[in-house]
Amino acid sequence: MENGDSHHVQESPEELAARLGIEFNDPLLLHRSLTHRSYLNEHPEALEDNERLEFLGDAVLDFVVGAWLYHHYPEMPEGDLTRMRSALVHTEQLADFARQIKLGNAMRLGRGESQAGGRERSALLCDTFEAFIGAIYLDGGIEKVEKFLLPFLETAAEDILINRKNEDPKSLLQEWAQSQGFHAPQYVTRSEQGPDHSKQFEVAVIIGGEVYAEGVGPSKQAAAKNAARKALEKLGLVF
């Protein structure tokens, strides 16, 4: 059915799982993984939000991605493996995975959160993807997670290596700025919005007195990295 709060076509949790070819032995896990705390405020019968599953999914992702990298890149040194894993479980990368499977369509959000664009917000998509992974793990173990996740990792890892996404964008931007005779980039917080549990920061990166890009994120550090990444894209330093 069409969601009146946005242009998204809403799906039930069962429709999402069927479309992805995932069978849940415990449908409650599936429902809980897609339930944001804002939905719980309006539907107390839902009993529990997805934050505990998000916590678990974060740990499962670290393990599965780390194990896959270890076996997939046998010559890669430890430091590079760590940076690759960080890039693969980065907020924007997990949000991209969520967008690929149209996870936002099945997220259970409160009306206000939905109207505010929650189904498209990277931080919320990332959190829900982590919770979804946590639910898959509890329902079927590591092998079930790997079957679902590994196809995403192949393409994403190749893109990360080609576009140097495993390198710190702030360091790359500073290298470029200094090579052009500028001082180190400055990062200025432009705004801070949202409740404490779901903050969104906007940070601008300034080089030579000019604003090169702005980025948003759930922390000032994440927003600054996203701003640096956008500046690199603007400069044609594919990232």
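1. A good place to start is the turn after strand 1: in the hairpin that strand 1 and strand 2 make, with 6 residues between the strands, Gly194 has a positive phi near 95°. Please keep in mind throughout that this is a predicted model.

2. The pairing behind that hairpin is easy to follow. Strand 1 covers residues 186-193, and 7 bridges tie it to strand 2 in an antiparallel arrangement. If you would like one pair to look at, Ser191 has Glu202 of strand 2 as its bridge partner.

3. Strand 2 then pairs with another neighbour. Strand 3, residues 210-217, runs antiparallel to strand 2, and 7 bridges join the two. Here you can pick out Ala204, which stands opposite Glu214 of strand 3. The hairpin of strand 2 and strand 3 has 2 residues between the strands, and Gly208 in its turn takes a positive phi of about 60°.

4. How well covered is strand 2? Strand 2 spans residues 200-207 and is mostly covered, with 7 of its 8 residues buried. When you view its side chains, it may help to recall that in a regular strand they alternate between the two faces of the sheet.

5. Now to the helices. Two packed helices are described by the distance between their axes and the angle between them. For helix 4 (residues 51-72) and helix 8 (residues 122-162), the axes come within 9 Å and cross at roughly 40°. Helix 4 and helix 8 are therefore oblique to each other, and their crossing is right-handed. By class, the residues in this contact are 20 nonpolar, 3 polar and 6 charged.

6. Two arginines deserve a look, and Arg52 is one to begin with. Arg52 belongs to helix 4. Is Arg52 buried or exposed? Its relative accessible area is 65%, so Arg52 is exposed. As for its position relative to Leu109, the two residues are 57 apart in sequence, and their C-alpha atoms are 17 Å apart in space.

7. The other is Arg121, found in the loop between helix 7 (111-115) and helix 8. Arg121 has a relative accessible area of 16%, and because buried means under 20%, Arg121 counts as buried. Which residues does Arg121 touch, leaving out those up to four places away in sequence? They are Arg99, Glu113, Ser198 and Gln200. Gln200 brings us back to the strands, as strand 2 is made up of residues 200-207.

Technical notes. Residues numbered from 1 in each chain as written. Predicted model: local features only at pLDDT ≥ 70, side-chain atom pairs only at ≥ 80, totals over all residues. Heavy atoms only, no water. Axes fitted to C-alpha atoms, helices over the stretch in contact; angles between N-to-C directions. Helix = DSSP H or I, 4+ residues; strand = E, 2+ residues; numbered from the N terminus. Parallel < 35°, antiparallel > 145°, perpendicular 65-115°, else oblique. Left-handed = near helix turned anticlockwise from the far one by under 90°. Nonpolar A, V, L, I, M, F, W, Y, C, P; charged D, E, K, R; others polar. Buried < 20%, exposed > 50% of the residue type's maximum accessible area, 1.4 Å probe, protein only. Pairing = 2+ DSSP bridges. Contact = heavy atoms within 4.5 Å.
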